[in-house]
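This report walks through the interior of one protein chain. Keep the sequence and the model side by side while reading.

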Amino acid sequence: MKIKALTAVAALMLSAPMAFAEADEDQLIINGDVAMISKTAAAPHLEGALSEVISGWHFRDNETQAMQLDDFDNPGMVFVDLARDAWATAEGTEGKSCASCHGEPEAMAGVKAVYPKWNETAGEVRTLQMQMNDCRTTRMGAEAWKTDAKEALNMEALMAVVSRGMPMNVAIDGPAAETWAKGKEIYYTRYGQLELSCANCHEQNYGNYIRSDHLSQGQIEAFPAYRLKDAALVGVQSRFKGCVRDTRAETFSPGSPEFIALELYVASRGNGLSVEGPSVRN
């Protein structure tokens with residue numbers, strides 16, 4: 001009876017007709033000159049699910065939106081500055097820095113837009129953090145960062161900044177297709193006592209409110225995100241963990257095969273939207 005009651009409460013929260021608000025029509029232009037593609041036609045693989053994909057920025061209040069429009073007001077940019085310092089700092093047994101191989105961070109423009117992606121040499125789908133760790137361990141002789149560790153998020157945020165405005169273009173065909181299909185299955189699977197899937201909130205009920213929060217489409221082109229609630233950068237897989245936990249289920253761990261697959265699938269749902277990070281979210 002308790003589980004049925006919880007499920008009924010969840011359904012009520014997601015279906016209240018008075019709790020709906022459309023995504024706004026404001027323009028997302030950072031620093032007054034970098035225009036983001038924040039609404040665009042959905043990719044063909046979303047036919048029957050979404051006709052338009054929309055950045056989560058459009059579902060935030062005016063004050064939160066404004067923080068992202070100017071890098072001087074965006075608290076996430078502090079961590080980008082830390083990453084620029086780390087980029088030029090030699091680490092590990094090889095005495096190399098990121099700059100030793102790649103030059104300035106701007107040389108990595110466009111990289112963030114195509115991850116996660118299949119790595120032929122490793123024979124696996126890799127997230128951007130996984131690829132950064134490969135550089136650290138094989139080229140620098142440095143220790144790998146844990147998934148969504150502070151240092152990893154800082155560097156991923158820097159990779160996002162140098163790719164700002166570029167449209168997400170995550171490949172889902174070829175050898176990546178199997179992992180993508182696994183991620184899609186997870187996206188539509190109901191978890192926990194509340195029996196909720198990712199799709200229940202972010203596909204079927206975006207625009208509604210749940211627990212006083214305005215549901216977005218759950219797009220991740222804007223990650224890492226500075227989350228006001230946490231006063232820190234938050235990674236995609238950590239948010240996945242939080243969402244699954246909120247269904248009152250045992251959740252997967254960041255870095256797990258399940259969340260790697262889910263990141264690939266969800267990233268592909270945002271194909272065509274501009275890389276935004278670091279964004280500001282509630």
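The residues that line the second largest cavity divide into 6 nonpolar, no polar and 2 charged. This is a predicted model. The lining consists of Lys-112, Tyr-115, Pro-116, Met-168, Ile-220, Val-236, Glu-263 and Ala-267. About 50 Å³ of space lies in this second largest cavity.

A search of the whole structure finds 2 cavities of 30 Å³ or more. The largest cavity holds about 60 Å³ of space. Its lining is made by Thr-127, Leu-128, Gln-129, Thr-147, Asp-148, Glu-156, Val-236, Gln-237 and Glu-263. Helix 5 and helix 9 are the elements that give two or more residues to this lining. By class, the lining has 2 nonpolar, 4 polar and 3 charged residues. Val-236 and Glu-263 line the largest cavity, and both also line the second largest cavity.

The second largest pocket can be set beside the two cavities.

| Space | Volume | Nonpolar | Polar | Charged |
|---|---|---|---|---|
| Largest cavity | about 60 Å³ | 2 residues | 4 residues | 3 residues |
| Second largest cavity | about 50 Å³ | 6 residues | no residues | 2 residues |
| Second largest pocket | about 270 Å³ | 13 residues | 3 residues | 3 residues |

Which residues lie nearest the centre of the second largest pocket? They are His-102, Met-108, Gln-131, Met-132 and Cys-135, out of 19 lining residues. Helix 4 (98-102), helix 5 (128-140) and helix 6 (150-161) each supply at least two residues of the lining. Helix 5 gives the largest share, 7 residues.

**Nonpolar cores**

The largest nonpolar core has 30 residues, and Leu-262 and Val-266 touch the most other members. Helix 7 (177-187), helix 9 (236-246) and helix 10 (257-269) each supply at least two residues of this core. Helix 10 contributes the largest share, 7 residues. Leaving aside residues up to four places away in sequence, Leu-262 touches Gly-183, Ile-186, Tyr-187 and Phe-240. A second, separate core has 20 residues, including Met-77, Met-132, Met-155 and Met-159. Met-132 is also among the residues nearest the centre of the second largest pocket.

**Helix 7**

The buried residues of helix 7 are Thr-179, Trp-180, Gly-183, Ile-186 and Tyr-187. Seen down the helix axis, they fall within an arc of 120°, so they line one face of helix 7. An α-helix has 3.6 residues a turn, so residues three or four places apart point the same way. On the other side of helix 7, Glu-178 and Glu-185 are exposed. The buried residues of helix 7 pack against strand 6 (124-126), helix 8 (198-202) and helix 10.

**Backbone details**

Tyr-115 and Pro-116 are joined by a cis peptide bond, with omega about 0°. Pro-116 sits in the loop between helix 4 and strand 5 (117-119). Both residues belong to the lining of the second largest cavity. The peptide bond from Gly-277 to Pro-278 is also cis, with omega near -5°. Pro-278 is in the loop between helix 10 and strand 11 (279-281).

Asp-148 has a positive phi, near 65°, and is not a glycine. Its place is the loop between helix 5 and helix 6. Is Asp-148 buried or exposed? Asp-148 counts as buried because its relative accessible area is 12%, with the cut-off at under 20%. Asp-148 is also one of the residues lining the largest cavity.

Asn-31 has a positive phi too, near 60°. Asn-31 lies in the loop between strand 1 (29-30) and strand 2 (34-35). At 36% relative accessibility, Asn-31 is partly exposed.

Methods. Residues numbered from 1 in each chain as written. Predicted model: local features only at pLDDT ≥ 70, side-chain atom pairs only at ≥ 80, totals over all residues. Heavy atoms only, no water. Core = buried A, V, L, I, M, F, W, Y, C linked by side-chain atoms within 4.5 Å. Buried < 20%, exposed > 50% of the residue type's maximum accessible area, 1.4 Å probe, protein only. Helix = DSSP H or I, 4+ residues; strand = E, 2+ residues; numbered from the N terminus. Contact = heavy atoms within 4.5 Å. 1 Å grid on protein atoms, 1.4 Å probe; cavity = no way out; pocket = protein on both sides within 12 Å on 5 of 7 lines; lining within 4 Å. Points joined across faces, edges and corners; volume = space filled by probe spheres on them. Nonpolar A, V, L, I, M, F, W, Y, C, P; charged D, E, K, R; others polar. Arc of directions from axis to C-beta.
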